[in-house]
Amino acid sequence: MNSSFHYTYRDIVNALKKIKFKKYPVIFVTSSLGMLGYCKNASSNYKISNFFFKALKNLKKNNATFIFPTYSYNENIKKNVFDLNKTKSKLGYFSNFILKKKECIRSIDPFVSVCGFGPKINEILKNLPNNSYGKNCLFSRLVDYNSYCLNIGLGSNWIPFIHHLDYLNNVDFRFNKKFNILVVNREKKTKLIWNYYSKYKKIKTITDGYKIGHKAEKKKIYKSINLGRGKIFYCDYKKLFDLSKKLSKKNHRITLV
Amino acid sequence: MDKKKIEKKVIQILNKRKKVKKNTNYKKYYYLDNGHIDSIEIMNFVLELEKVFKVKLNNKDIISREFRSIDGLISVIHKKLS
């Protein structure tokens, strides 16, 4: 790795401190840590991830609950097994780093599972329905908490509930598909029928949160703080959700390139 | 530098990480969304692009939609060079 650096651990802590969260915040954290440049004294992926995890845990003093996406997108796997402890996240190193943390609890979702810790985590992940999107799903539940989106190194285009929005709008490029899933949690094995809002294979579409993200920036719903070579974007989850609902009602295809 | 030359170099840099399939439709290949480069490896990739093309890529460039696809990335670099 390059010997020069763009930010330090202290910079991460100070950047996060600048964000004013309400009481008992629930923070949905997405990241692309490399976008921020090199971090001083973090010469490996493990060390960089550990710095961020430690800095976020510092915020726990505010009684914050953290949720990290650990999506495994099981759609194309013939043998649909979702092992809470072994199924890897397809969202890169940091999400798999989080999965190894003892204090983190993972949701049962063979497609878009999340993993988190904090005072509200049990309540949020308890008795989630057997569908990734729609009524009472995680993305819908978060609207009822003091929830925030925190995009570390990623832009305002990363919208956690983008497919939930598609589901609510009953879009013509996705459909409800049932999957037989075997959920494994250590010794316990449970067969489930899981509903996922799949993409039509014949209709080539690319998901895109840029249009909504840019509008949210213009309306100052999404704000940002500099860190290293990049930025941390953050916003109130409900405000972003309400804006997205309004925009997508007018144009269902706003979530596509 | 014309777009063809940029394309060749971009593919070389990407291939170092993971081979880009020969018949890839660049316009539709979103290499970041397809996990071609890990989110942490991205900085090495950006610095290599800057070194090879002698350009400065700012945060706006990196988080843009264009940057996520090969075709878009070629355009971003082409604009910087012209």
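Start with the loop between α4, residues 121-125, and α5 of chain A, where Asn136(A) lies. This is a predicted model. In it, Asn136(A) is not a glycine, yet its phi is positive, about 65°. Is Asn136(A) buried or exposed? There are 10 C-beta neighbours inside 10 Å, so Asn136(A) counts as exposed. The cut-off for exposed is 12 or fewer.

Chain B has a residue to put beside that one. Lys54(B) sits in the loop between α2 and α3 of chain B. Its phi is near 55°, again a positive value in a residue other than glycine. Lys54(B) counts as exposed because it has 9 C-beta neighbours inside 10 Å.

Next, the contact between the chains. How many residues does each chain bring to it? Chain A gives 22 residues and chain B gives 13 residues. On the chain B side, α2, residues 42-53, and α3, residues 59-62, each supply at least two residues. The largest share of that side comes from α2(B), with 3 residues. Sorted by class, the side of chain B that touches chain A has 7 nonpolar residues, 3 polar and 3 charged. So the two helices I named for the Lys54(B) loop also supply residues to the contact with chain A.

Last, confidence in chain A. The mean pLDDT of chain A is 93, and 96% of its residues reach 70 or more. Where in chain A is confidence lowest, and where is it highest? The lowest is in strand β3 of chain A, residues 81-83, with a mean of 92. The highest is in helix α5 of chain A, residues 138-141, at 98. That helix also bounds the loop that holds Asn136(A).

Terms used: Residues are numbered from 1 along each chain as its sequence is written. Chains are lettered from A and ligands numbered from 1 in the order in which they are written. This is a predicted model: local features need pLDDT of at least 70, side-chain atom pairs count only at pLDDT 80 or more; totals for chains, interfaces and linings use all residues. Two residues are in contact if their C-beta atoms, placed from the backbone, lie within 7 Å. Helices (H or I, at least four residues) and strands (E, at least two) are DSSP runs, numbered from the N terminus. Ala, Val, Leu, Ile, Met, Phe, Trp, Tyr, Cys and Pro count as nonpolar, Asp, Glu, Lys and Arg as charged, and the others, Gly among them, as polar. pLDDT is the predictor's confidence in each residue, from 0 to 100. A residue is buried if 20 or more other C-beta atoms lie within 10 Å of its own, exposed if 12 or fewer, and partly exposed in between; C-beta atoms are placed from the backbone.
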